[in-house]
Amino acid sequence: MSNRPEARPGIMDIAAYVGGESHIPGVDRIIKLSSNEGPFGPSPLASKAHEAEATALHRYPDGGAAALRKAIAARYDLDAERIVCGAGSDELISLLCKAYAGVGDEVLYSKHGFLMYPITARSVGATPVTAEEIDKTANVDNLLAAVTDKTKIVFLANPNNPTGTYLPASEVKRLRDGLRGDILLVIDAAYAEYVTVDDYTPGIELVESTDNTVMTRTFSKIYALGGVRLGWAYAPAHIVDVLNRIRGPFNVGAAAMAAGVAAIGDKAFEEMSRTHNTKWLAWTTEQLTKLGLDVTESIGNFVLVCFDNAADRGAEGADAFLKSRGIVVRRMGGYGFPNCLRITIGLEDEMRAVVDALADYLGRNDPEQGA
Ligand SMILES: *Cc1c(COP(=O)(O)O)cnc(C)c1O
């Protein structure tokens, strides 16, 4: 018998999530493009609302998050009763796993899907199962073919991180229609606010028309509030009931909620962020493609950039070269893309610096012209 506590089965199989790097030894001011954070920082209104809470920190927050749910419902024309808030959408993903999957169950997601899905599945003793993608895009037929008697949850990040690809509304509906009724479909729409293509929806209509679909959203991306930890889920009433039973009674802090209410109300700031992203996403994609890199077409606020296999032109060397210029991006080995980098869309000068650095790395800048 062991004389120390042992974690439950599955937990020691978890490779702990590693966030984007934020330091380069010896460099004071870095360009951080490693975590898909909104490049402008939060809306000034959100910062002000957060600050206003500073003298009331002794008070417990409203455990029902009523004001925040009301603000979200108003902004997106939803039923506030079907919203559950969490400490980041990561918490909601965990709660859904905890409630609906356990030992012996399978949690299905597409091969290059968000890493929190297998981590969370294992944390409850369930087995993560992946379905192959086609062209770095989730594939409905492959997902449906991977369903077994043990499947309890299907996670679909739409758009997906780290590929930036998406399934149109019709394909998400086909996925739902092809899944058994007792399988929970979780549509993780963390980047929905950035999307400008017409055939996309974040999944609200599926949540409202089925008993087994949940949409999760976050304040960490376009609203640039990753530091306060704020996310939400939109779910059928019976799932809302389940989540409210198992979440911490005060799982979202008061200052976070105040910031969230202000952020979601600042439509002008959101619009400015989206317009900026649309422009510089297209520009970055075009420039990096011109350099001969394999850039996956993205509808999020980041691009997946894949390098030639030649050792002196690979992703590892590119990452080191970018770091030498103070630029931090994300290595993708953990996502099954060892020769790719994920680059967040930042400010104009940051994107110019990235393109310039990669041109130098690949030997494509013409020094004569001082390009
Ligand atoms: C960033 C991200 C999240 C997590 O967001 P938090 O709300 O900060 O926990 C969830 N899903 C995907 C796909 C993401 O990229």
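Across the whole structure, which is a predicted model, a search for salt bridges finds 22 of them. Let me take one as an example, in which the side chain of Lys 111 meets that of Glu 132, with a distance of 3.2 Å from N to O. Lys 111 sits in the loop that runs between β3 (106-110) and α4 (116-123), while Glu 132 belongs to the loop between β4 (127-131) and α5 (140-145), and so this pair ties together parts that lie 21 residues apart in sequence.

Now let us turn to the ligand. The space that it takes up is the largest pocket, and the residues surrounding it are Gly 88, Ser 89, Asp 90, Phe 114, Asn 161, Asp 188, Ala 190, Tyr 191, Thr 218, Ser 220, Lys 221 and Arg 229. If we sort this shell by character, three of its residues are nonpolar, five are polar and four are charged.

Which side chains place an N or O atom a short step from an oxygen atom of the ligand? For Tyr 191 the distance from such a side-chain atom to a ligand oxygen is 2.6 Å, for Asn 161 it is 2.8 Å, and for Lys 221 a polar side-chain atom lies 3.1 Å from an oxygen of the ligand. Taken on its own, the ligand has 390 Å² of accessible area, and the protein covers 93% of that.

Asn 161, which we have just met beside the ligand, also leads us to the backbone, since the peptide bond from Asn 161 to Pro 162 is cis, with omega near 20°. A cis peptide bond is also found from Asn 158 to Pro 159, where omega is near -5°. Where do these prolines lie? Pro 159 is in the loop between β5 (151-157) and α6 (169-178), and Pro 162 likewise lies in the loop between β5 and α6.

One further backbone detail is worth pointing out on the model. Asp 77, although it is not a glycine, has a positive phi of about 60°, and its place is in the loop between α2 (66-76) and β2 (83-86). Why would we pause over such details at all? Most residues other than glycine have a negative phi, and most peptide bonds are trans.

Technical notes. Residues are numbered from 1 along each chain as its sequence is written. This is a predicted model: local features need pLDDT of at least 70, side-chain atom pairs count only at pLDDT 80 or more; totals for chains, interfaces and linings use all residues. Side-chain values use heavy atoms; hydrogens and water are left out. A residue is near a molecule or strand if one of its heavy atoms lies within 4 Å of it. A polar contact is a pair of N or O atoms within 3.5 Å; within protein, one must be able to donate a hydrogen and the other to accept it, and residues adjacent in sequence count only if both atoms are side-chain atoms. Accessible areas come from the Shrake-Rupley method with a 1.4 Å probe; for residues, only the protein chains shown count as cover. On a 1 Å grid over the protein atoms alone, a cavity is a set of points where a 1.4 Å probe fits but cannot get out, and a pocket is an open set with protein on both sides within 12 Å along at least five of seven lines; lining residues have an atom within 4 Å of a point. A molecule sits in a cavity or pocket if more than half of its atoms lie within 2 Å of its grid points. Ala, Val, Leu, Ile, Met, Phe, Trp, Tyr, Cys and Pro count as nonpolar, Asp, Glu, Lys and Arg as charged, and the others, Gly among them, as polar. A salt bridge is a side-chain nitrogen of Lys or Arg within 4 Å of a carboxyl oxygen of Asp or Glu. Helices (H or I, at least four residues) and strands (E, at least two) are DSSP runs, numbered from the N terminus.
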